[in-house]
Amino acid sequence: MGLVVQKYGGSSVADAEGIKRVAKRIVEAKKNGNQVVAVVSAMGDTTDELIDLAEQVSPIPAGRELDMLLTAGERISMALLAMAIKNLGHEAQSFTGSQAGVITDSVHNKARIIDVTPGRIRTSVDEGNIAIVAGFQGVSQDTKDITTLGRGGSDTTAVALAAALDADVCEIYTDVDGVFTADPRVVKKARKIDWISFEDMLELASSGSKVLLHRCVEYARRYNIPIHVRSSFSGLQGTWVSSEPINQGDKQVEQAIISGVAHDTSEAKITVVGVPDKPGEAASIFRTIADAEINIDMVVQNVSAASTGLTDISFTLPKTEGRKAIDALEKNKAGIGFDSLRYDDQIGKISLVGAGMKTNPGVTAAFFEALSDAGVNIELISTSEIRISVVTRADDVPEAVRAVHSAFGLDSDSDEAVVYGGTGR
């Protein structure tokens with residue numbers, strides 16, 4: 001008997017019919033001889049609606065109380081799903097994140113999992129039950145307060161539980177048939193990927209691919225938990241994410257030279273103008289940003305002007321952190337010694353990802369030629385061994401993604417990519 005952890009996103013349990021469809025899929029896995037633990041997100045747009053409601057009541061809701069509010073969404077889903085499973089003649093028990101043993105740090109609204117102690121879940125499945133766990137939430141180790149894990153938290157909950165329970169696989173069910181070579185909402189001819197390595201998936205996730213979130217994949221790689229990304233709306237095989245290539249029937253699935261093209265329009269760019277070109281200046285800028293607990297992505301420093309000895313430093317960061325970053329830098333302007341700040345939130349990032357680019361010359365040239373042919377101007381460039389990323393105008397992103405996708409022969413022969421509903425989460 002194997003143990004399978006399944007995660008269902010908000011679009012999969014958006015209404016009563018969706019919940020009943022998910023219940024049938026879970027029961028089917030149980031009938032196939034597996035022990036089953038299911039992790040669920042809030043129904044449809046429930047979380048966004050609760051956030052809107054909180055902001056109507058209070059412009060800046062307290063983090064602790066906001067977490068108490070938001071966790072209600074998953075609790076609704078888990079209870080309804082347990083009811084639907086019992087209606088099909090199988091025993092199910094629902095558990096909140098804290099009941100499931102998801103232990104986090106004490107940072108509200110974006111807590112990180114410290115440990116998982118799934119004693120109650122193990123007992124429940126050993127007794128023959130299907131365990132339903134509310135995703136996206138846990139309990140603080142220090143304060144014992146309820147916490148939420150931030151965006152993609154249900155995926156992370158599922159992988160963390162799979163690791164703690166030593167599951168055979170973690171199945172992530174969403175509203176597309178797997179991981180595609182590009183966002184199927186932008187590239188209609190995107191191809192489904194049969195298998196992708198943890199490393200390539202990490203790069204795609206950090207570059208804007210929304211099917212799996214970065215820290216979910218990071219957790220799976222750390223504990224070597226295979227992930228199977230599938231659609232809850234179809235019975236098709238999805239995409240396997242694992243450390244080693246897999247066999248599908250008699251076919252060995254190998255690593256492609258290029259895994260895919262990702263894009264992200266959720267970032268902004270800050271340029272620090274007139275920075276003295278001397279040791280320690282960049283350190284002062286990024287220490288200020290770090291002390292404000294802001295993550296940055298790409299960094300570019302211009303060559304200093306010989307006449308002035310000054311340079312400009314540009315970096316990208318989430319739009320949601322833009323105001324906080326500007327305020328932190330302005331507050332420390334005298335200590336850093338820059339002239340001014342420029343803020344630009346009309347940018348987009350396009351990334352080409354593939355482990356094969358390390359050993360295949362000409363990939364970089366083909367990437368930039370495709371952008372040039374599409375008339376796309378490049379503002380920033382960043383590379384790693386398996387990724388090339390550029391920043392362009394936000395309006396240019398869709399055309400740039402399609403151009404690069406076609407240039408590397410990633411287009412399918414037909415419009416294969418189907419989005420069944422929701423937003424891809």
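A nonpolar core is here a set of buried Ala, Val, Leu, Ile, Met, Phe, Trp, Tyr and Cys residues joined through side-chain atoms within 4.5 Å. The model in which such cores are described is a predicted one. Its largest nonpolar core has 67 residues, and those that touch the most other members are Val5, Val37, Leu212, Ile227 and Leu352. Helix α5, residues 153–164, supplies the largest share of this core, five residues. Apart from this core lies another, of 22 residues, which includes Tyr8, Met43, Ala92 and Tyr173.

Leu212 may serve as an example of a core residue and its surroundings. Leaving aside residues up to four places away in sequence, Leu212 is in contact with Asp155, Ile172, Met201, Ala205, Val217, Ile227, Val229 and Val241. One of these partners, Ile227, is itself among the core residues that touch the most other members.

Two helices show how burial can be distributed around an axis. In helix α4, residues 119–126, the buried residues are Ile121, Ser124 and Val125. Viewed down the axis of α4, these residues fall within an arc of 90°, and therefore they line one face of the helix. The elements that cover them include β2 (35–40), β3 (92–95) and β6 (130–134). After α4 comes Gly128, which has a positive phi, near 95°.

Helix α8, residues 281–291, has Glu281, Ile285, Thr288 and Ile289 as its buried residues. Because these residues cover an arc of only 95° around the axis, they lie on the same side of α8. On the face turned away from that buried side are the exposed residues Ala283, Arg287 and Asp291. Among the elements covering the buried residues of α8 are the strands β16 (267–276) and β18 (310–318), together with the helices α9 (322–331) and α10 (333–336). The residue Glu293, which follows α8, has a positive phi, near 60°.

The surface also carries nonpolar side chains. Ile76, Leu80 and Met83 form a nonpolar patch there, and their accessible area together is about 270 Å². Met83 is situated in helix α3, residues 63–87. Why is Met83 classed as exposed? Its relative accessibility is 53%, and the class requires a value over 50%.

A contrasting case is Val376, which is found in the loop between α11 (363–373) and β21 (380–384). Val376 counts as buried because its relative accessible area is 8%, where the limit is under 20%. Its contacts, not counting residues up to four places away in sequence, are Leu371, Thr392, Asp396 and Ala400. Val376 and Val397 are 21 residues apart along the chain, and 8.6 Å separates their C-alpha atoms.

Charged side chains add a further set of links, for the structure holds 17 salt bridges. In one of them, the side chains of Asp145 and Arg64 meet at 3.1 Å, N to O. Asp145 belongs to the loop between β7 (137–140) and β8 (146–148), whereas Arg64 belongs to helix α3, so this pair ties together parts that are 81 residues apart in sequence. Asp145 is buried, at a relative accessible area of 18%, while Arg64 is partly exposed, at 36% relative accessibility.

A second salt bridge joins Glu199 and Arg221, whose closest N and O atoms are 3.7 Å apart. This pair connects distant parts of the chain, with Glu199 in helix α6 (residues 198–206) and Arg221 in helix α7 (residues 214–223), 22 residues apart. Glu199 is partly exposed, having a relative accessible area of 37%, and Arg221 is also partly exposed, having one of 38%.

A third example is found between strands. Asp344 and Arg393 form a salt bridge in which the closest N and O atoms are 2.3 Å apart. Asp344 lies in strand β19 (residues 340–344) and Arg393 in strand β22 (residues 387–393), and the pair thereby links distant parts of the chain, 49 residues apart. Asp344 counts as buried at 19% relative accessibility, whereas Arg393 is partly exposed, with a relative accessible area of 29%. Which residues are linked with Asp344 and Arg393 in a network of salt bridges? They are Lys269 and Glu379.

Notes:
Residues are numbered from 1 along each chain as its sequence is written. This is a predicted model: local features need pLDDT of at least 70, side-chain atom pairs count only at pLDDT 80 or more; totals for chains, interfaces and linings use all residues. Side-chain values use heavy atoms; hydrogens and water are left out. Buried means under 20% relative accessible area, exposed over 50%, partly exposed in between (1.4 Å probe, protein chains only). Helices (H or I, at least four residues) and strands (E, at least two) are DSSP runs, numbered from the N terminus. The arc is that of the directions from the helix axis to the C-beta atoms. Contact means heavy atoms within 4.5 Å. Patches are made of residues with over 30% relative accessible area and no salt bridge: like charges are joined within 9 Å, nonpolar side chains (Val, Leu, Ile, Met, Phe, Trp, Tyr) within 5 Å. Accessible areas come from the Shrake-Rupley method with a 1.4 Å probe; for residues, only the protein chains shown count as cover. A salt bridge is a side-chain nitrogen of Lys or Arg within 4 Å of a carboxyl oxygen of Asp or Glu.
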